[in-house]
Amino acid sequence: MPLPVLETERLMLRPRTIEDLDACVAMDLDPRVHRYIFERAPEPVAHRNALTARMTSGAPAVGGYWMVARQGEADALGWCALFPLENTGQIELAYRYRPEAWGQGVATEAARAALAYGFGVLKLDPIVAVTHPENEGSKRVLAKLGFRYQGAATHYNRRVSAFRLFRASYLARASGGAKAAQADKAVT
């Protein structure tokens with residue numbers, strides 16, 4: 001099934017392609033972006049080669065990568081994705097944005113669209129997320145989305161904070177009301 005374009009009130013999420021390589025490399029080489037992602041600054045040529053391989057591999061088999069832009073604008077602000085979390089069999093929500101998109105609700109809004117696709121169309125359950133323990137911005141986004149902290153873990157050769165969101169909790173939140181609290185208690 002081809003990956004769909006997802007739209008929100010302010011954003012368009014389109015499937016990521018190899019034409020997005022330069023924008024993704026430039027974003028990843030920005031020290032403000034990579035400080036919580038990589039142990040040290042990526043080596044540009046090796047990083048470009050690794051991204052090229054990932055982008056042309058057809059991966060992920062479950063989920064997808066979307067480039068995120070404001071409605072009516074061509075320049076991507078970053079990406080949002082659902083893909084397998086290494087060696088777990090679970091699907092991870094991940095995102096990365098240029099600094100000029102930070103603090104404007106872009107990550108939360110795009111993630112909601114990806115979660116709607118993951119829980120609604122793909123019927124995933126649960127969806128997990130990991131972030132650097134010091135990345136308070138990412139933790140705030142995950143909290144707004146309803147993810148629950150699961151503790152420290154090791155992924156991608158780093159210690160991370162792990163989070164999880166169950167489908168029932170997400171669907172209850174999406175419909176609003178007291179059902180969300182009941183669903184959270186039932187699945188955690």
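Start the tour by selecting Phe 147, which, with residues up to four places away in sequence set aside, touches Leu 93, Leu 115, Ile 127, Val 128, Ala 129, Leu 142, Phe 163, Arg 164 and Leu 165. Bear in mind from here on that the model is predicted.

**The nonpolar cores**

Keep Phe 147 displayed and add Leu 13, Cys 80, Leu 82, Leu 93, Tyr 97 and Leu 115, since these residues, Phe 147 included, are the ones with the most contacts inside the largest nonpolar core, a set of 32 residues. If you then colour by secondary structure, you can follow the elements that each supply at least two residues of this core, namely the strands β2 (11-15), β3 (64-70), β4 (78-84), β5 (91-97), β6 (127-131) and β8 (158-165), together with the helices α4 (106-121) and α5 (136-145). Of the elements involved, α4 gives the most to the core, with nine residues. Next, select Leu 21, Cys 24, Val 25 and Ala 81, which are among the members of a second, separate core of 14 residues.

**The two cysteines**

Stay with Cys 24 and bring back Cys 80 beside it. Both side chains are away from the surface: Cys 24 is buried, with a relative accessible area of 1%, and Cys 80 is likewise counted as buried, at 0% relative accessibility. How far is the sulfur of Cys 24 from the closest cysteine sulfur? The closest one belongs to Cys 80 and lies 13 Å away, which is too far for a bond. Seen from the other end, the sulfur of Cys 80 has that of Cys 24 as its closest cysteine sulfur, again at 13 Å and too far for a bond. The count of disulfides in the model is accordingly zero.

**The cavity**

Cys 24 also leads to the next stop, where it is one of the residues lining the largest cavity; to show the whole lining, select Ala 23, Cys 24, Met 27, Met 67, Ala 76, Leu 77, Gly 78 and Arg 98. The volume of this cavity is about 30 Å³, and the count of cavities of 30 Å³ or more comes to one. Helix α1 (residues 21-29) provides the largest share of the lining, three residues. Colouring the lining by residue class gives six nonpolar residues, one polar and one charged.

**The second largest pocket and a cis proline**

Move now to the second largest pocket, which holds about 290 Å³ of space. Its lining consists of 19 residues, and to centre the view you can select those closest to the middle of the pocket, Leu 3, Ala 59, Pro 60, Gly 64 and Tyr 65. Helix α3 (44-56) and strand β3 each supply at least two residues of the lining, whose composition by class is 13 nonpolar, four polar and two charged residues.

While Ala 59 and Pro 60 are on screen, inspect the peptide bond that joins them, which is cis, with omega at about 0°. Pro 60 sits in the loop between α3 and β3.

**Further backbone features**

A cis peptide bond is also found between Asp 125 and Pro 126, where omega is about -5°; Pro 126 belongs to the loop between α4 and β6. As background to these stops, most residues other than glycine have a negative phi, and most peptide bonds are trans.

Select Asn 87 next, in the loop between β4 and β5. Although Asn 87 is not a glycine, its phi is positive, at about 55°, and at 82% relative accessibility the residue counts as exposed. Then go to Tyr 156, in the loop between β7 (148-155) and β8, which is not a glycine either and has a positive phi of about 55°. Tyr 156 is partly exposed, with a relative accessible area of 36%.

**Last stops around α4**

Return to helix α4 and select Thr 108. Is Thr 108 buried or exposed? With a relative accessible area of 5%, Thr 108 is buried, and, apart from its neighbours within four places in sequence, Thr 108 is in contact with Val 141, Lys 144 and Leu 145.

Finish at Gly 103, in the loop between β5 and α4, which is exposed, with a relative accessible area of 86%. A distance drawn from the C-alpha of Gly 103 to that of Val 25 spans 22 Å, for a pair of residues 78 apart in sequence.

Technical notes
Residues are numbered from 1 along each chain as its sequence is written. This is a predicted model: local features need pLDDT of at least 70, side-chain atom pairs count only at pLDDT 80 or more; totals for chains, interfaces and linings use all residues. Side-chain values use heavy atoms; hydrogens and water are left out. On a 1 Å grid over the protein atoms alone, a cavity is a set of points where a 1.4 Å probe fits but cannot get out, and a pocket is an open set with protein on both sides within 12 Å along at least five of seven lines; lining residues have an atom within 4 Å of a point. Grid points are joined across faces, edges and corners, and a volume is the space filled by probe spheres set on the points. Helices (H or I, at least four residues) and strands (E, at least two) are DSSP runs, numbered from the N terminus. Ala, Val, Leu, Ile, Met, Phe, Trp, Tyr, Cys and Pro count as nonpolar, Asp, Glu, Lys and Arg as charged, and the others, Gly among them, as polar. A nonpolar core is a set of buried Ala, Val, Leu, Ile, Met, Phe, Trp, Tyr and Cys residues joined through side-chain atoms within 4.5 Å. Buried means under 20% relative accessible area, exposed over 50%, partly exposed in between (1.4 Å probe, protein chains only). Contact means heavy atoms within 4.5 Å. A disulfide is a pair of cysteine sulfur atoms within 2.5 Å.
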